[in-house]
Structures are given as C-alpha cells and as structure tokens.
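Please open the model in your viewer and keep the sequence panel beside it, since this tour moves from one selection to the next.

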Amino acid sequence: MTGDQRSDGELLARLPRQPELMGTLYERHAPAVFRYLARRAGPAPAEDLLSEVFIAALDARKRVVAHRSGSALPWLYGIAINVLRHYFRHRQPIWAVEPNQVVDWDAVDARLDAEAQRRQLRVALCSLSEPDRELLLLVAWEGLTSSEAAEALGISKVAARSRLHRARHRALQALHGSHGLTAVTTPVSREETS
Amino acid sequence: MNSLNELLSSTAGVDDITPVALHNGRVAFDLALADLAKSESSAPEPHQRPAQRPHRRKRTLFIGASVAAVAAVAAATTAIVLSGNSPNAGISLMAATVLRNAGKAAGAQQGGWPNAAYWHTTSVYETGGKIYHRDIWIAHHGNSVLEDDGVFGNMTPNNLGSDVFDVGGTGLTWDQLYALPTDPAKLEPVLQSDIKGAGPNPTAELYTVVGDLLRESPAPPALREALYEIAAGIPGVKLVGHYKDALGRTGTAVERDGETLVIDPANGELLADISGNPKTGISCGGGCEEYGAAYMFVSGGPATSAPVVPTNKARPGGAAS
C-alpha cells in the first residue's frame, strides 16, 4: 500500500497536472481493477490488460471528475470497460467480431460447477442489452452502488436506477422462463440497502 | 435451485492478482508515464492532411505485374490501397509504449547478418478469402528467388533478379541496409531523405518504410530497435490491442491508416501485417475488386542457398533468366 494518505478525490483533482499520481492510484486499485478484468476476460488476459487500463487512464486524466463517493474505482471501471471492448473486438479477426462484447463466457463458465448453472446464467445475462448487463454486473460483481455504476457507464443516477430495475426484472424473467423458478432474489446495490 | 443472486455471487469470486503480475503491470505503467513526461516536454507535431492510405511496396506487389498469374497478384496488390478514414490523431501514448517496448525486445535479440548469402522468409497470407504460401530468398548478391502460389499459381521457384530494400523512393542494397545508422535520431533524417516524395505524405510514408524494413528483411537487432523507436514517434499510430492471427498466434497490434502491424512483444518480431479486410472484396468499378491482405510471417533467417530456379522460368521483368 502506498504511503500517500490523500483521498482518491484529492488525487483525482490533482491528476490533470500531476500524472505521476496515477502511480498511487495503481497501488491502491490495481487489485480491484484486475478482479474486474478477470471476471470478464479471465485471469491471463486480465494480467495483460491491467496496465492498459491505467495507461488509458493517463490519457483520460484531464477529463476526470471525482465521484461524490470519493472513490476512483467507478472512473477506472469505466475506462476498463472500454479497454475490454477493444480487447474483445481485436482478439479475433476484425471482420468476425460480435460488436460490444465485454464478457468472455468461457471465463465465467469456469467459475460455475454445474452445466445447468452455466446455462441459467447465460440465459439470464444474455437476455440483457450490453449496457444493462454491465450495469447489473458492476453492482453484483464489483459491489458498486447504482450511483457509482452510473458514473462508470457515463449515465445519470436516475437512468442507472431505472435501468438496473429493468435489468433485474428482465434477467429474472429469463431465468424463470428457463428453469421454472418460483422464488428468486436479485442483487441489490449498497446504497439501496442503506 | 439457483436464484439470480446466487448465480451472480458464485461467479463473482476470482483469484487475486499475483505479486509478479502486479509488479509487471506497474513496470509497464511506469514506462508509459516516463514516455508521457518525455512527449509532454516536446512540442507536438502538427496534424497531417487528411488520411490517404500509404502505398506499400511489398515484394509480392513489386513482382506481381509481370508474371503469369496477373489476376491473383492484382488481388494482392490492390489490397494495399483500400480506402481508410482513420484520423491523424497525435502520438498515442499506448501505441508508443508498445512500440518502444517491442524495440527494446527486438534490440535484445541475437543476430546481425552482414555477410549472409540470403535472407529466407516463410509466410502465409490471406487475400480474397484464400490462403497462399510464400517463401522468399532475398540475395545478398545476385538473384533473389520467390515461391508464392498466390503469384505463380504453384510453389515453383521463380527468379526475382537482383533485389533491394525499399525506403520510399530509394532502393537500398543489403550492404547499404547495414550501413544505416542505428541511432534513431540519426536514422530518421536518413529515411526521410530517402523517401524522396514517395507516398501520400512524409509521415505516412515513414510508417510504411518502417514496416517495409521490418518484414522480409535481414535488418539487425539494433536497426530494428531504432525502427520501432521511430515508429513510436509517428503521429496517428494507434494501439489496436491484443490480436490473434489466423495461425492462432497472439501479438499486440498497432495501426495507422488501416495498416496494422502485429508484434510479438516478447521479442519484437513482426508476426503479421494486415491491410483492410482480406476476405471480402470492395468494388473499384469496371468489374474489378480490391481485397485486403493479411500476411503472417512464420519464420525468417539467414540461408546459405536458395532453391534452383528452372531454366524456363521468366524473370518478373519478362526476360528469361
């Protein structure tokens, strides 16, 4: 851990003129950004992509505005989404790529034991648009509030809440239809429980 | 029975990053930070005029027009001038970092072949949705030899005549290639001078020249490092990212005006170069079609001899060898 005691918000405010402060943010947040990447692309690509996220953040630092939560993570996740899009678009021949792909399903499957579970999760998540799916996963996997997820995705808080509700509903419907579920719970963001 | 919540929770867990990977990422980031400090301390180059695709002088193209299988060659040749609209952005920090790292890796390799008899390159390329094989022996002295079933229709050796390495409007002999300075600051003005107005503009042509000297070339490690360093400073070169070629190899791709170079970051070798879409043709009027091309370089190295060319094989210029 870095010895710099300043908050993320203070560092982000100084970042446009002091790009070296990104090094402090790397020390603080690289493990979380790595997990974000590994959940979607698998551990080996995540190792390669980690530095790309922070290098892209260097390029984007002049446009950063700190989230009111004070955490730099929503901003870094937003950059990581673009890095992942780039990765998925170009790991295959350019002319044969699914647009806006940001999840490697094989990497997700590897974390589920049963084939039936894999099918269920795919059915549920594939019923969502890519932005709605990412919103749901930022809350469920990364533990962001809907407000923080909104920042990562560049949408308003109101839109994020509305879309999160819609995403849950649609995913549950798909899951229900695929397996005859009768009682289900859905991920709830931290701010909604407070 | 699993709820959505349980399914998502059970897929949220991943292993933490290893200390080695964390360190490696930090090293890559610090390199980029150092480059940023360097680039911000120097004035940016003004933007170039609107993009035109560079006319690359691949050897395939050079020999193509005068051999029997003209149609097949035309497909490969025209691939190089497919239109593209990528804007000339400034220098991409990420692309520059990748290129500089590739240069360092290339420069650390063993080699230097000032006295070799031939440079033999084996490659596979796709154009018009078809795959072709290509072996070229570039002669230090005397005639070079080419086997290319995309050009000749089969892999029979053909005589290329004496050969040179193109630098814009200048052809360099093997010995002249080895006389080039390996200090990037000295090499770049030499290359710019040798361009002699070739290409759509000097910047675009410089990127083309770097690619030309990296592929099918005995350029020594120090020269390759200098070429990558020069490429890192060319405005408009962008990082594409990880790229898996048709041979299943993964490299890091950079692109300028639709010309993509795929580099093995471990050793700085050029794995592939791609222009446009090698599968689908674009009509260029009058019934002609232009195809992209994807070249994948399988191996390259010095050779003491080249295949014997049958005596009835014509030279590309039309005269019998």
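Which residue takes a positive phi in the hairpin of β1(B) and β2(B)? Select G128(B), whose phi is near 60°, in a hairpin that has 2 residues between the strands. This is a predicted model, in which local features need pLDDT of at least 70, side-chain atom pairs count only at pLDDT 80 or more, and totals for chains, interfaces and linings use all residues. Residues are numbered from 1 along each chain as its sequence is written, while chains are lettered from A and ligands numbered from 1 in the order in which they are written.

Stay with the hairpin and select its two strands, β1 (residues 118-127) and β2 (residues 130-139) of chain B, which run antiparallel and are joined by 10 bridges. Strands here are DSSP runs of E with at least two residues, helices are runs of H or I with at least four, and both are numbered from the N terminus. Within this pair, T122(B) stands opposite D135(B), and S123(B) stands opposite R134(B). Next, add β13 (residues 293-303) of chain B, which runs antiparallel to β1(B) and is joined to it by 10 bridges; here Y125(B) has Y295(B) as its bridge partner. Of the 10 residues of β1(B), 8 are buried, where buried means 20 or more other C-beta atoms within 10 Å of a residue's own, exposed means 12 or fewer, partly exposed lies in between, and C-beta atoms are placed from the backbone.

Now widen the selection to the open sheet of 9 strands, whose order in chain B is β4-β3-β2-β1-β13-β10-β9-β8-β7, with antiparallel pairing; two strands pair if DSSP finds at least two bridges between them. Its edge strands are β4 (158-161) and β7 of chain B, each pairing on one side only, and the twist averages 25° from one strand to the next.

Between β8 (250-256) and β9 (259-263) of chain B, select the loop residue D257(B). Its phi is near 50°, a positive value in a residue other than glycine, and D257(B) counts as buried because 25 other C-beta atoms lie within 10 Å.

Then show α8(B), which lies across β8, β9 and β10 (270-275) of chain B and runs at about 40° to β9(B). Add helix α7 (residues 184-195) of chain B: α7(B) and α8 (residues 202-214) pack at an angle of about 110°, with their axes 10 Å apart, and are therefore roughly perpendicular to each other. Axes are lines fitted to C-alpha atoms, for helices over the stretch in contact, and angles run from 0 to 180 degrees between N-to-C directions; those under 35 degrees count as roughly parallel, over 145 as roughly antiparallel, 65 to 115 as roughly perpendicular and the rest as oblique. To see the contact, select L191(B), Q192(B) and I195(B) in α7(B), which meet P202(B), E205(B), L206(B) and V209(B) in α8(B), contact being C-beta atoms, placed from the backbone, within 7 Å.

In the loop between α8 and α9 (221-232) of chain B, select E216(B), another residue other than glycine with a positive phi, near 50°. E216(B) counts as buried because it has 23 C-beta neighbours inside 10 Å.

Finally, bring chain A into view: 36 residues of chain B are in contact with 46 residues of chain A. On the chain B side, α2(B) gives the most, with 9 residues.

Methods
Contact = placed C-beta atoms within 7 Å.
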